[in-house]
Amino acid sequence: MVSDAEPKAPSPEGAASKGGAASASPGATGPIARVEEKKKFRWSSFTYTTRVTLAFAFIAAMTALVAIGVVSFVWEQHFQTYTTDNMRTMATTTAERIASIYERTGDLWDAETTKPAQQAAEMTSGVGVKVIDAQGDVPFDSSVAVRNNATSSQPSFEPSDPSQVAMAPIVVDNVAVGSVRIWVYGSDTLMRQPDQEFRNNSYQALLLATIVAIVLASCIGFLFARNLVAPINRVTKTARAIKEGDLSARTDLRGEDEIAQLGETFDAMAESVEKDRELERRLTTDVAHELRTPLMAIQATVEAMVDGVYEADEERLVTVNSEVQRLSRLVDALLKLSRLENRSQPMKEEVVDVGELIEGIVSTHEMFVADSGLTIDYHAQKDVRVVGDPDMIRQATANLISNAVRYTPEGGHIDVRVRKGDIMASISVQDTGIGLTREEAKMVFSRFWRADAGRNRESGGLGVGLAVVKEIVDRHGGWVQVEGEKGKGACFTIHIPLYDEERSKKQAKAAQAQANRNRQKKTRGGK
């Protein structure tokens, strides 16, 4: 019987399963994989200041390495040649001095004759000097002290490689009586110990200069990055403040550089957002006020009729109907503006005779203008045609005329004109109303904005009519021009591109050709 306490041997399946669990697959994901991913080096994980500092340090290091490489090449190629030439010059000078003495003594083995060689060996440390006569014997060898045929048994230390020895012939009366050989102990390049020390010290100085350059570049990069990032941090801080609800926050950056221009643009955007928020608040107030008045009138009238205070006669029902229509106009204006802004309303593209179109609009508004105690004139040039949506153009012009009527006192005058320019058609509506200032001219096309002078008038609109005009003209590829002076009236001019028949034909042909190509592709695809 096997005891329960006795350990059981693991089954192969269990071992395999454990082994499989222990060895994580390369594609496995989990807490460990995420931790390892976080530990990976990412350049983007560093701050901008750190990245600029490291970039400056890297540039300094690369510049120093290039400089060291160039200097090393120059030294190895030119400095080495320079030291070799010095040894050869030394050998030539020594040979000439020996030759001049030899002319007097006539013996190369004379100690006085080889004295220049001895002086050269003594004056230049680390240098070996050897004199050889015409028969190949050695009158003088500084490495073994050969003198007057008394040759030491020690071998010469002259290198066996001829490239490591500087040689010069001893010439007397155009006859070579011997030669001088000079070499440098422990060097295969004829470079003396002071020269080698100078080279090594130069390398050390370059290395030290590299370290100093990297440190200085890092400091300069850090200061440069801090100076560069400071305005960006101000923009970030301002954006965060605006996000948290402080719409008055500004960067106050000024200057000619790109970041200063970014700050100025950001401030302009923030100011626009603040104005839009103010307009939205005004919209809420206006909509509440405009909707509350008719709703209260409808509610009061209906409750009075329900309570029996008023009879449900025609007069009461007309009152309720007029207030309902007023509500309908307000809602319809808001819906039109929303559809234009969202481009959800399709735009027709027809060739429109602007003069005939606007003439009909003026005719339908003559009674409305007369009831307001105003007069209206219309002037139009002939053959002014554009490509656009006639209903939208009609709506934009009607809004301008209604706006002129709303802000022109009784007895005023409205002038509507249609003109033809070189490339644009213009529709202008000029009045003799309350006018507007330059600041008001900038705001006049903002949504839900109304001139203060017309705010409390019963006939004052909701403030979306001119915004609708701008959206319509924008969709036609034109613009709206505003001119006016406070107390002397205003003039609104719509500019729309003229119809170009030849250009339209070319565009139509191109569109037809593209349609034919698409049709052929579909046919080939079906086959």
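1. Let's start with Ile358. Leaving aside residues up to four places away in sequence, Ile358 touches Tyr378, Ile393, Thr397, Val416, Val418 and Ile427. Keep in mind as you look around that this is a predicted model.

2. Where does Ile358 fit in? Ile358 belongs to the largest nonpolar core, a set of 39 residues. Together with Ile401, Ile414, Val416 and Ile494, Ile358 touches the most other members of that core. Val416 is worth a second glance, as Val416 is also one of the residues that Ile358 touches.

3. Which elements build this core? Those giving two or more residues are the helices α8 (354-371), α9 and α11, along with the strands β8 (413-420), β9 (424-431) and β11. Helix α9 supplies the largest share, 8 residues.

4. There's another core too, and it lies apart from the one above. This other core has 23 residues, including Ala95, Ile98, Ala117 and Ala121.

5. Next, the empty space. The count comes to 1 cavity of 30 Å³ or more, and the volume of the largest cavity is about 30 Å³. If you want to find it on screen, pick out the residues that line it: Ile393, Ala396, Thr397, Ile427, Ile472, Val473, Ile494 and Ile496.

6. Which elements give two or more residues to that lining? They are α9 (390-406), α11 (465-475) and β11 (489-497). Helix α9 gives the most here, with 3 residues. You've met α9 already, as the source of the largest share of the 39-residue core.

7. What sort of residues surround the cavity? By class, the lining has 7 nonpolar residues and 1 polar one, with no charged residues. Some names come back from earlier: Ile393, Thr397 and Ile427 are in the lining, and Ile358 touches each of these three. Ile494 is another lining residue, and Ile494 is also among the core members that touch the most others.

8. Now for the aromatic rings. The structure holds 1 aromatic pair, made by Phe56 and Phe224. The ring centres are 5.7 Å apart and the planes sit at 35° to each other, so the pair counts as tilted, a class that runs between the cut-offs of 30 and 60 degrees.

9. What does the pair tie together? Phe56 lies in helix α3 (residues 48-105) and Phe224 in helix α5 (residues 193-243), so the pair links parts that are 168 residues apart in sequence.

10. Are these two rings' residues buried or exposed? Phe56 has 28% relative accessibility, so Phe56 counts as partly exposed. Phe224, at 42% relative accessibility, counts as partly exposed as well.

Definitions and conventions
Residues numbered from 1 in each chain as written. Predicted model: local features only at pLDDT ≥ 70, side-chain atom pairs only at ≥ 80, totals over all residues. Heavy atoms only, no water. Phe/Tyr/Trp six-rings, centres within 6.5 Å; stacked < 30°, edge-to-face > 60°. Helix = DSSP H or I, 4+ residues; strand = E, 2+ residues; numbered from the N terminus. Buried < 20%, exposed > 50% of the residue type's maximum accessible area, 1.4 Å probe, protein only. 1 Å grid on protein atoms, 1.4 Å probe; cavity = no way out; pocket = protein on both sides within 12 Å on 5 of 7 lines; lining within 4 Å. Points joined across faces, edges and corners; volume = space filled by probe spheres on them. Nonpolar A, V, L, I, M, F, W, Y, C, P; charged D, E, K, R; others polar. Core = buried A, V, L, I, M, F, W, Y, C linked by side-chain atoms within 4.5 Å. Contact = heavy atoms within 4.5 Å.
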